[in-house]
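Student: I'd like one close look at a single part here: the symmetry and the surfaces that go with it. Could you walk me through that in one go?

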Number of protein chains: 2
Amino acid sequence: MSVVTIKDLAKRLGLSAATVSRALRDSYEISTETKQMVAKLAEELGYIPNPYASSLRRRKSKTIAVVLPEVADSFFSLAINGIESVAKDKGYHVLIYLTHESFEREKAILHQFKSGRVDGILISVSEETSSGGHIKEVIAAGIPVVFFDRICEDVETAKIITDDFESSYKATRHLTAQGCKRIAYLSISPALSISIKRTEGYQQGLADSNIPATESEIILCENDFEANYQMIKDLLKKKNRPDGIIASVEKLTPPVYLVCRDLNLSIPGDIKLISFTNLQSALILDPPLTTITQPAFDMGKSAAVILFKGIEKKNFDLLKQRVTISSELIKRVSA
Amino acid sequence: MSVVTIKDLAKRLGLSAATVSRALRDSYEISTETKQMVAKLAEELGYIPNPYASSLRRRKSKTIAVVLPEVADSFFSLAINGIESVAKDKGYHVLIYLTHESFEREKAILHQFKSGRVDGILISVSEETSSGGHIKEVIAAGIPVVFFDRICEDVETAKIITDDFESSYKATRHLTAQGCKRIAYLSISPALSISIKRTEGYQQGLADSNIPATESEIILCENDFEANYQMIKDLLKKKNRPDGIIASVEKLTPPVYLVCRDLNLSIPGDIKLISFTNLQSALILDPPLTTITQPAFDMGKSAAVILFKGIEKKNFDLLKQRVTISSELIKRVSA
DNA sequence: GTGAAAGCGCTAACAC
DNA sequence: GTGTTAGCGCTTTCAC
């Protein structure tokens, strides 16, 4: 706790608190000499402003919230870096909240933001989030919100996404071009915006490759490794097993590799695989993994930049913003 | 911004602000009926306390800071989850700061904590941090600090670490037991506590295996992928190249695999490899990677638990706390 | 069991 | 260019 306050500085300098405050904020009203005196003493005494007194008075916190499902995923780790890089430059602080894919938790977290704790919010919604009422409430309370990656289509505010449909489409077409006739799609929560888009891209890819819908298979995976392993194993044990797989999120890659190993199936010989992932280690997997790699850092950065515009510029129409940053299909050995 | 204040509630109920405040905080002085009335109206009007007014008055922020070098590493991602899990239960908020391995940045971040922005700090120091003066200052200002993973030995406060010496020793002994005669150790910043311990464990392991110091080789790696790749390539091109490698941090794994592939060297045939990493994908690498896996989640959790004890319990001697949680050597194919 | 009053540290209006 | 005053919204004496 810094025990030195503006009053202390004022007393020592024979000035009023108001003048010191103005000098510290470099107000145009204050003479250069005074500013220097104040700055010098503040430095000497190790004065650090109390952020909460300032927040209370000015009604802004210089803080943003980042609401994420998890941080285990490499996508979100990279996104945090992008966000932090711009928050730091802006002199903002970053509060982090994890929903653990729970809608209830997400609601509770957002609810308390109406208190003015943060000046803006970056959010990637949970798997369970199918409607955005809780987010609309926060926006109605006057707090700018920017979605990134996992959005709510029914909430009108800025959205930073990647081209999920196109990525999935490209992945599917790549597999069929390699000769796949029967492609399984490993999905997560079907309510998620990214799931919907990716699934659509997959289906369109199949259609455009003249693969009948009967030859498609969508497996709804869970958060539990063992359960996913088992589902994938069941899938690959069937007599008409797929010859191609698209793993729609990072965490579904390991179980596929393991099942193939355990079932003695060769990738890409028996089964070709493409995963959505940002893991650097994709290229040292056995075999090197063909990936859809998302612009995670840039998405985080871009979301933060837009959020700050929304916070700082009064006549910036945050609500209409929509940025799509392309993902990349990186061909390696698995497909 | 919640526009409903305690005064509003008080006015509506014909009570004083003081009574409402006490009722909301469930003070023993207040009658049950009053409490219920207040709770009911607060709920109805959507009252949310202004956290900064409360922080200003009570001189506590219900917020902790987590200061990390990066969040790209799987270790720190998992640690954040551990930290968040306990902060959530305690009703605390988590501010995150990245130093990007810069000492200057770390100093600046810590400096402003003297303002009372946070009630406690969890920190894993940067590569460049060789002395802890900036941390001592914060502690002197009365703010509890807990180190986790990367510590400053010269700062007397709680430290949560893993058994770096033993892990490295075990890794080295495992390699020599497999027949390695010449083991290289890929290091990062030699000033870092974890680097020092791991290097010592490596050297002791060599000594106990009767391998002369002349057959050891410590390569100081950097933050740049290309540079590391080149250094490792140079290392493995030498005629007396090592037959074993210990990668002391996660990010050094990919370049080793790539160099081996490019030089047509077989792992583990020509070179055995053990890496410090928490990546789930270790077991689907080519070949599956033998790892030292750290208890990242538990370290984060444990650090947070101890920090909160330091914050909440006055007669808890935070400074003397020291917890070591063991890492695990997981034998797979690479060594 | 409740109220009045003071004040946390800072800043914005309004003076001069 | 600087000072005075009045709060921001909450909590905490100290009364009764």
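**The paired chains and their surfaces**

Tutor: Let's start with the symmetry: turn chain A by 180° with 0.0 Å of shift along the axis and it lands on chain B with an RMSD of 0.1 Å (a least-squares fit on C-alpha atoms of residues with pLDDT of at least 70 in both copies). That is how a two-fold axis relates two copies. Bear in mind that this is a predicted model, where local features need pLDDT of at least 70, side-chain atom pairs count only at pLDDT 80 or more, and totals for chains, interfaces and linings use all residues. Residues are numbered from 1 along each chain as its sequence is written, with chains lettered from A and ligands numbered from 1 in the order written.

Now the place where the chains touch. Chain A brings 41 residues to the contact and chain B brings 41 residues, a contact being two C-beta atoms, placed from the backbone, within 7 Å. On the chain A side, helix 4, helix 5 (74-90), strand 2 (93-98) and helix 11 (253-262) each put in at least two residues; these elements are DSSP runs numbered from the N terminus, helices being H or I of at least four residues and strands E of at least two. By class, that side of chain A has 23 nonpolar, 13 polar and five charged residues (nonpolar is Ala, Val, Leu, Ile, Met, Phe, Trp, Tyr, Cys and Pro; charged is Asp, Glu, Lys and Arg; polar is the others, Gly among them). Since 100% of chain A's interface residues are also interface residues in chain B, the copies meet through the same surface.

Helix 4 of chain A turns up again at the DNA. Around strand C there are 24 residues, the closest being Thr5(A), Ile6(A), Ala53(A), Ala18(B) and Thr19(B), where near means a backbone-placed C-beta atom within 6 Å. Helix 2 (17-24) and helix 4 (51-58) of both chain A and chain B each give at least two residues to that surface, and helix 4 of chain A gives the most, five residues. The split near DNA strand C is 11 nonpolar, eight polar and five charged.

Over at DNA strand D you get 25 residues, with Ala18(A), Thr19(A), Ile6(B), Ala18(B) and Ala53(B) coming nearest. Helices 2 and 4 of chain A and helices 2 and 4 of chain B each supply at least two residues there too. The classes near DNA strand D are 11 nonpolar, eight polar and six charged.

Zooming out to the whole of chain A, you have 12 helices and 12 strands, with C-alpha atoms filling a box of roughly 90 × 40 × 30 Å along the principal axes. Of the contacts in chain A with a separation of 6 or more, 74% join residues 24 or more positions apart.

An automatic or database domain assignment gives domain 1 (6-49), domain 2 (60-162 + 296-325) and domain 3 (164-293) in chain A. The C-alpha centres of domains 2 and 3 of chain A sit 29 Å apart, and each of the two puts 14 residues into their contact. On the domain 2 side, helix 5 and strand 5 (158-162) of chain A give two or more residues, with helix 5 holding the largest share at three residues. That side divides into five nonpolar, three polar and six charged residues.
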